[in-house]
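Open the model in your viewer and switch to a cartoon view. The tour starts with the whole chain and then moves to one sheet.

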Amino acid sequence: MLDTWYALTLQRPTSPGDGRPQARRSRRGHPPHGGGFSRRFAKRQISKRRIDENAEIFLGQQHPNPFGVAGLPESIRGGLLVRFGIGFRVLVRDCLAAVGGLAVVLSPVSAVANEPAGAGSACCRVEYQLAVDGELFASAGPDAAPLTQTISLTASFDFDELPAGPDKSAAVGRRYQKAAATLAIDGESHHRELAADAGSLFVAVEGTTPVPFLADGFLSRSEAELLDLPFDPVLLERLSPAEAVAAGATWTIDADLVAGLLAIDTVETGSLRATLEEVVGETARVSLEGTVHGAVDGVATRIAVTGSFQAPVSPGEAADTWKVAAERARLEVSLAERRQAGWVAPGLDVEATIHISRTGESDLRPAETARLAPTRSERPAGPGRPGHVWHQHSHGRYSLAVDRRWRVVEDGPNGLVMRLVDRGMLVAQCSILPLPRGDADSPATVEQVQRDVERSLGSQFGRIAEAESLSRSDGTRVVRVVADGNGEGRPFRWIHHVLTDSQGYRAAVTCMLEPAMLERFAVADSELVAGLVLLPDRPREASRPVATPH
């Protein structure tokens, strides 16, 4: 949750070419690379140095604007991201969700539809407290001291957890009574809360990654990140040993589970060990200790873990052995993490303490929405899906349903810039820019966009690879032009979309990637555009969510 809240402006990682951890475990239950890619980072088709160089090119590369007919500037520069040397930028993200190819209906979400199917049945109560202190850091250049800022975070959660019912995609349902966090960077505070209409939701577990989602709507990115926690309570039961153990016995926690518990992508080396220290009556005390080296979004991290939990026990078949039921645990853990700066987040050097109480069965408490943030009336309805989030333009020019792998690195008056990070690999960059309203009866043509793409790319232009025009079911017309060329001596592909709806509202979407990433990128641009709904421009004051800063 911490690193995804606020991002630094990006440059290459501080140690280019030093190799990434060879990720042998992925918390999503599959190798770090699918679709024929090697399991190990060291055997990727593109090396770490190559990717770092591509990231740098993204920063300075022109993102051609294929809308010369609209009288807009000739380029949308990756320099919107601003280099690290200028300093830290706190990007307060107002990103909200869904999925390419699924219909996005801009109407209020029903809280009843999101109610876990087991409502009214027995459940367990979970209380979770998180406190973090430390600093953010990033390189200011090869000969400059690192830039640093102090950081502190406190977060508090109180919810009932119950069986998800017939929804087989979810592990549990949750009804939140409280979900809030306050982050301070160099003394400047930012507060986040879960909105009332997202207070009842489901949690899927993909591999060992808990993924919250709404049944009939979409979480904002900031809400999804608020709920992305280390030692998520849904994973606690997996801390139990596979069989009954005696006092003093030690067992090693599976590396996949460790990645999930620590909310990182992969574990390369190290381990987390549990020891049954003692049994008093029907309660066991189990200690946790270990250090792991892994990766998050493709950058290395080191995390030291110390702590313990208390859980109910029952006698095993053998004498003096015990079965530990960690799903009903009281846990206290301390984490010390040192994480490198990456493409979409700063480096971290922090210490965190976690207190969790996941107690036995009780009746489901009535919803107390007054303890949550006000309902997000603009939240789009639609079939919820794990791993997708919703983003709304700050002036209400569009609502975007997007795969959560698209990470926001800039969201300002000059446009939205995102990077597609797939299991640690930087795949592509995308810019979205609302355009002035035009004539709905005279949208941009394929020929116009092709000419503007070629002119904007200039000497970088090689050829037009694809060009087409299509109409969506909502009446929006889309011109898609794909151009191949070279940037700083390296081949690149630019994918341009011009969207014009039935009222003449328009937007430009430009994706940039290396040809070697085409298989992994697949149809990500089409899915993104399918989730983009154009809206009339609104005054800034009217578009701000009430009492829910992001």
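Start with everything selected. The chain has eight helices and 26 strands. The model is predicted. Of its 550 residues, 56% count as buried. Now colour the accessible surface by element. It comes to about 21100 Å², and carbon and sulfur atoms hold 48% of that. Turn to the contacts next. Among those in the chain with a separation of 6 or more, 69% are between residues 24 or more positions apart.

**Stop 1: the central strand**

Select residues 398-403, which are strand β18. Is this strand mostly covered or mostly open? It is mostly covered, with six of its six residues buried. Show the side chains. Tyr398, Leu400 and Val402 point one way from β18. Ser399, Ala401 and Asp403 point the other way. Both sets are buried. The pattern fits a general rule. In a regular strand the side chains alternate between the two faces of the sheet.

**Stop 2: the hairpin partner**

Add residues 388-392, strand β17. How many bridges join β17 to β18? Five bridges do, and the two strands run antiparallel. Pick out two cross-strand pairs. Tryptophan 390 has alanine 401 of β18 as its bridge partner. Valine 389 stands opposite valine 402 in β18. Now follow the chain from one strand to the other. β17 and β18 form a hairpin, with five residues between them. Stop at glycine 396 in the turn and check its backbone: phi is positive, about 70°.

**Stop 3: the other neighbour**

Add residues 532-534, strand β26. Three bridges join β26 to β18, and this pair also runs antiparallel. Zoom in on leucine 400. Leucine 532 in β26 stands opposite it.

**Stop 4: the sheet as a whole**

Keep the three strands selected and hide the rest. In what order do they lie? The order is β17-β18-β26, in an open sheet with antiparallel pairing. Look at the edges. β17 and β26 each have a single partner strand, so one side of each is left without a neighbour in the sheet. Then view the strand axes. Neighbouring strands of this sheet are turned by 10° against each other on average, direction ignored. Finally, display the backbone hydrogen bonds. Strands of a sheet pair through such bonds, either parallel or antiparallel.

Technical notes: Residues are numbered from 1 along each chain as its sequence is written. This is a predicted model: local features need pLDDT of at least 70, side-chain atom pairs count only at pLDDT 80 or more; totals for chains, interfaces and linings use all residues. Side-chain values use heavy atoms; hydrogens and water are left out. Buried means under 20% relative accessible area, exposed over 50%, partly exposed in between (1.4 Å probe, protein chains only). Helices (H or I, at least four residues) and strands (E, at least two) are DSSP runs, numbered from the N terminus. Two strands pair if DSSP finds at least two bridges between them. Axes are lines fitted to C-alpha atoms, for helices over the stretch in contact, and angles run from 0 to 180 degrees between N-to-C directions. Contact means heavy atoms within 4.5 Å. Accessible areas come from the Shrake-Rupley method with a 1.4 Å probe; for residues, only the protein chains shown count as cover.
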